[in-house]
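Student: I've got a structure to go through and I'd like to quiz you on it. Can we take it piece by piece?

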Amino acid sequence: MTTNRRTFAIISHPDAGKTTLTEKLLLQGGAIHLAGEVKARGQARRARSDWMKIEQQRGISVTSSVMTFEKDGIIFNLLDTPGHEDFSEDTYRTLTAVDSAIMVIDAAKGIEPQTLKLFEVCRLRSVPIITFVNKVDREGRECFEILDEVADKLALDVCPMSWPVGMGGEFEGIYEFASGRLTQPSGGSKEYEGKHSLHDGLDAESLTAHLSERGLAKFRENAELAQMGYAEFDLEAYRNGDLTPVYFGSALKEFGIEEMIGAIAAIAPPPRPQPSDQGEILPGAKDVTGFIFKVQANMDPMHRDRIAFMRLCSGTFKRGMKLIPSGHGKPVAIHSPILFFAQDREIADSAEPGDIIGIPNHGTLRVGDTLSEKNQLRFTGLPNFAPEILRRVVLKDPTKTKQLRKALDDLSEEGVIQVFYPEIGAQWIVGVVGQLQLDVLISRLEAEYKVEAVLEPSPYDTARWLIGGDDKIRAFMDINSALMAKDRDGVPVFLAKSAWDVGYQQEKHPDLKFSATKER
Ligand code: G4P
């Protein structure tokens, strides 16, 4: 049964509350049983990063990559999109493996840069988005201001699904429009501990018994305005990625969590058809197919094993099954796949479309590979993303050029970094979207290829793939050879000194496309 899967990610800027929301979703979903673990957050976080350090020393850290829980017959697969210093191309690519996303916004800050970047990746694939405006227990911005910002900056219709009664010190609860359900704080900590009541619309007399006179009057006025001023909920517009339903809440105080799980269950799409070179592959198709969206490598040189994360797109996967990776065509028997139930890892016996399977391997599986029973197709739409950090690679021992080239080719194929070979000069450029990727690069060069190198600043700020007719590209390259390079596949890349530079060239050359993504 594929309709009971919901595979989604949470996108946000650091500190908006993604971790807290994740924990509360898992708690509500029954995946974390120890409330104490959540309460002692600071400590738990330290414990968790220690655990990750140990996992890293031992090799592979997969604990938080995929979190699966089941509630009311629905199986939720929550994919982590690493942020902060772990921000990397994996963060972007994970979004190619989900069917929908929750966008968490800090009520005081609105749309922040990382949210915007991740949103743009969602838009590339029309991934539908539910918005969660977090931290209403604190003084924030006016709700209207936040909604307008989402609408303007993201060019989306917004539809408020709930509305807070006051914010910060005046916070009295959250009202959900469709159900007429009012959830309220109780106890000393002012958390949501189950106190709720049902009302028959905003005018219901019954609300007076639950809210202060002043709070209710203001709430009624604003909530009515909100209902009139924004789009009505339209399932199709949401699923096409044109409209975002907006929920208000406080992850910390557990407001809006039930509504969020309810919304994912009720409106978020089940596994969607996936684009391939043979047309769209429906999740109900019989043959097993999937694609690799992430490879987690071992940091320990003694262990060369890796975990490849496959999103299952069609068919029922059974343990021991042989699948053919599109990369080299030799069947791989998958004897010990990993399914992810919250913090425990479980060996999977079977999996359905929408599920993620971890496949241990020795480097045979690469990001972007399609796996299928008969090697009959290739999934498309798994792009490379323009790097935001570009560095020159300088060898400590110049006689090791050959080894370095091999290493850079391998690691870029695996998706750890991107590599650019300039048309002029011999200094190779590596590109990443997050700092951590550079650290991984240096340590793997040393451990696996015995190459010592340092990374130096480069004069470039970003890179763009050139798309257009061959003569046009050739003509452009002739004039701009000092700024041209080829990527690993020999595709021409323009190395830009600034975002302004990209805009300038684009204006001068309207018949060329300076693309920030490249299909793999
Ligand atoms: P992130 O993963 O998006 O980076 O955010 P995270 O959940 O770690 O939350 C960032 C900070 O915001 C944390 O505080 C967290 O407790 C707080 N926070 C999250 N949700 C809410 C909310 O609904 N209301 C309020 N008032 N705060 C919220 P911290 O002090 O940085 O961390 P900690 O010491 O609490 O662990």
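Tutor: Sure. One definition before we start: two strands pair if DSSP finds at least two bridges between them. Also keep in mind that this is a predicted model.

Student: Okay, which residue of β9 stands opposite Y175?

Tutor: Start from the strands: β8 covers residues 173–176 and β9 covers residues 181–186. They pair in the antiparallel sense over three bridges. In that pairing, the residue of β9 opposite Y175 is L182.

Student: Which strands are the edge strands of the open sheet?

Tutor: The sheet has four strands with antiparallel pairing, in the order β7-β8-β9-β10. Neighbouring strands are turned by 25° against each other on average, direction ignored. An edge strand pairs on one side only, and that picks out β7 (162–165) and β10 (191–198).

Student: What angle does the direction of α7 make with that of β7?

Tutor: Helix α7, residues 213–229, packs on the sheet. There it touches β7 and β8. Its direction and that of β7 make an angle of about 155°.

Student: Moving on to the ligand, which elements give two or more residues to the shell around it?

Tutor: The ligand is surrounded by 19 residues, and the closest are G17, K18, T19, T20 and L252. By class, the shell divides into four nonpolar, seven polar and eight charged residues. The elements giving two or more residues to this shell are α1 (18–28) and α3 (41–58).

Student: Why is α1 largely enclosed by the rest of the structure?

Tutor: Here "buried" takes 20 or more other C-beta atoms within 10 Å of a residue's own. The residues of α1 that pass are K18, T19, T20, L21, E23, K24, L25 and L26. The helix is largely enclosed because the buried residues number eight of the 11.

Student: And which residue just after α1 takes a positive phi?

Tutor: Look just past the end of the helix, where the phi is about 80°. The residue is G30.

Student: Last one, on domains. How many residues of each class does domain 2 have on the side that touches domain 3?

Tutor: The domain assignment puts domain 2 at 289–372 and domain 3 at 383–519. Their centres, taken over C-alpha atoms, are separated by 29 Å. The contact takes five residues from domain 2 and six residues from domain 3. By class, the side of domain 2 has four nonpolar, no polar and one charged.

Note on methods
Residues numbered from 1 in each chain as written. Predicted model: local features only at pLDDT ≥ 70, side-chain atom pairs only at ≥ 80, totals over all residues. Domains from an automatic or database assignment. Contact = placed C-beta atoms within 7 Å. Nonpolar A, V, L, I, M, F, W, Y, C, P; charged D, E, K, R; others polar. Near = placed C-beta within 6 Å. Axes fitted to C-alpha atoms, helices over the stretch in contact; angles between N-to-C directions. Buried ≥ 20, exposed ≤ 12 C-beta atoms within 10 Å, placed from the backbone.
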